[in-house]
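Q: I'm new to reading protein structures and would love a close look at one part of this one. Could you walk me through how some neighbouring helices pack together, and how that fits with the rest of the chain?

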Amino acid sequence: MEGRLINLPSGLPGAKVSAVTDSSVLQISGGHSLHGHVEISGAKNSALVIMAGALLCSEDCRIRNVPLLADVEKMGQVLSALGISLKRHGDVLDINASEIKTSKAPYELVTQLRASFFAIGAILARLGVAQMPLPGGCAIGARPVDLHVRGLQAMGAEVQIEHGICNAYIPKNRRRLKGAKIYLDSPSVGATETLMMAATLAEGETIIGNAAREPEVFDLANFCISMGAKIKGAGTSTIIIDGVTKLYSTEHTIIPDRIEAGTFLIAGAITHSELLLSPVVPEHLLPVIAKLREMGVHLIEEPPNCLRVLPAKALRATDIETLPHPGFPTDMQAPFMSLLTLAEGDSLINESVFENRLRHASELNRLGADIRVKGNTAFVRGVPMLSGAPVLCTDLRAAAALVLAGLAAQGKTVIHGLHHLDRGYDQLDIKLQNLGAKIRRLTSTGRDQEFMSNVNTTPAKINRK
């Protein structure tokens with residue numbers, strides 16, 4: 001294994017964490033065009049669940065193309081708390097789960113990162129017992145774990161939820177989970193991944209019906225297959241897993257982040273710029289590409305794994321409804337709303353996946369957008385221009401939407417709440433700087449007072465970092 005690897009039992013190095021990002025803001029001088037090439041990082045949602053999947057193997061696993069994110073840092077801390085060895089060099093992460101020292105994950109970490117809950121399936125399959133606090137993450141709506149629980153129960157586990165802790169164990173008369181036929185009431189990505197991981201070491205065959213079809217599920221399946229798991233049908237609505245007794249050392253490269261790629265496509269469109277993105281998997285972006293083209297944005301696929309976005313003369317309004325994959329992704333809804341604010345005509349956005357994911361509309365209105373929200377539907381009337389203003393991130397994808405709007409707005413936009421942004425975008429501000437954006441991260445002192453003074457049009461006192 002090449003490179004110098006540093007053992008960091010407390011987590012992973014380099015990721016921006018909330019203690020840092022809460023005291024900083026992004027300042028954007030908008031109205032400038034972008035140009036150049038941007039490298040797309042590994043998929044956040046793949047990296048997190050594959051890190052959890054490494055718990056299934058008692059040997060070394062090397063994961064490549066791991067993005068530098070606060071959420072990856074938190075997942076590393078969760079695994080370290082379980083006694084797992086993690087070593088990182090650049091975008092390469094080595095995990096050794098030969099010894100899982102405890103079956104109980106730390107409350108203070110799991111409640112901050114929803115994806116860490118998905119490790120319950122791997123821990124239960126390895127140890128026969130798992131204690132996992134109920135998950136947290138962005139406040140974008142209710143995401144219950146009942147599908148995870150019912151699936152594990154179908155595989156023979158006893159599961160109880162008490163005092164905010166999900167306690168699961170395999171009864172003493174058995175050593176392994178047992179295969180089962182499971183039908184999910186909805187195609188939950190998290191439940192699909194949790195149950196697929198648990199089934200890899202179960203006794204017999206497990207069939208997951210109405211399974212999630214997202215590319216990240218397929219990536220997890222390929223990771224498990226590379227360790228010796230027997231999985232068929234990942235990427236379709238029916239996944240069949242034939243359990244094995246042991247998994248083995250492997251190396252795996254995480255797929256490119258389709259949401260980051262979509263965000264940069266919108267960055268090109270909203271600033272009327274030409275950008276080249278790579279690596280990308282165009283098949284993972286089909287609904288995003290279709291909607292951009294419907295709006296008049298020109299996109300060119302260039303082999304082997306590039307997408308080029310070209311300036312559009314005008315943006316046309318369109319309607320969007322978020323759906324499970326292969327429908328329009330909910331994670332792209334907020335960034336698209338920013339683009340639609342500058343489109344000619346009226347657009348309608350229906351958020352059908354999460355019930356509390358339109359809070360960024362009010363922040364976009366602060367920039368001069370014309371958006372009305374009723375329930376889970378947003379009505380967007382295009383305006384000629386946006387104007388810079390102080391705004392506050394409400395969740396991860398809302399943060400990206402505000403950055404995009406700030407790039408297009410005339411004047412200065414100051415974005416607060418960057419801990420949301422750093423959860424899911426690998427150095428977004430640095431990548432935009434390299435494309436020519438006038439964006440910089442500043443340390444803010446007394447930021448609450450500063451934010452309110454900005455609201456009242458008093459100039460902010462911001463010190464250079």
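A: Let's begin with a word we will need: a residue is called buried when its relative accessible area is under 20%. By that rule, 57% of the 465 residues in this chain count as buried. Please keep in mind that the model is predicted. Its secondary structure comes to 16 helices and 24 strands. Among the contacts in the chain with a separation of 6 or more, 74% are between residues 24 or more positions apart.

Now for the close look, which centres on helix α7, residues 189-200. One partner is helix α6, residues 146-154, and the axes of α6 and α7 come within 8 Å and cross at roughly 25°. Angles under 35 degrees count as roughly parallel, so α6 is roughly parallel to α7. Their crossing is right-handed. On the α6 side, the residues that meet α7 are Leu 147, His 148, Gly 151 and Leu 152. They face Gly 190, Ala 191, Thr 194, Leu 195 and Ala 198 of α7. Sorted by class, this contact of α6 with α7 has five nonpolar, four polar and no charged residues.

Helix α7 also packs with helix α8, residues 215-226, at an angle of about 10°, with their axes 10 Å apart. That angle makes α7 roughly parallel to α8. Here α7 uses Val 189, Thr 192, Glu 193, Met 196, Met 197 and Thr 200. From α8 come Glu 216, Val 217, Leu 220, Ala 221 and Cys 224. By class, the contact of α7 with α8 has seven nonpolar, two polar and two charged residues.

A general point helps when you look at lists like these: an α-helix has 3.6 residues a turn, so residues three or four places apart point the same way.

One residue lets us step from this helix to the wider chain. Met 196, part of the α7 contact with α8, is also among the residues with the most contacts inside the largest nonpolar core, which has 81 residues. The others named with Met 196 are Met 51, Leu 55, Leu 56 and Ile 95. A second, separate core of 69 residues includes Ala 261, Leu 277, Ile 371 and Ala 405. In soluble globular proteins, nonpolar side chains tend to be buried together.

Met 51 leads on to helix α2, and is one of its buried residues. Helix α2, residues 44-53, is mostly covered, with nine of its 10 residues buried. Besides Met 51, the buried residues of α2 include Lys 44, Ser 46, Leu 48 and Gly 53.

Technical notes:
Residues numbered from 1 in each chain as written. Predicted model: local features only at pLDDT ≥ 70, side-chain atom pairs only at ≥ 80, totals over all residues. Heavy atoms only, no water. Core = buried A, V, L, I, M, F, W, Y, C linked by side-chain atoms within 4.5 Å. Buried < 20%, exposed > 50% of the residue type's maximum accessible area, 1.4 Å probe, protein only. Helix = DSSP H or I, 4+ residues; strand = E, 2+ residues; numbered from the N terminus. Axes fitted to C-alpha atoms, helices over the stretch in contact; angles between N-to-C directions. Parallel < 35°, antiparallel > 145°, perpendicular 65-115°, else oblique. Left-handed = near helix turned anticlockwise from the far one by under 90°. Contact = heavy atoms within 4.5 Å. Nonpolar A, V, L, I, M, F, W, Y, C, P; charged D, E, K, R; others polar.
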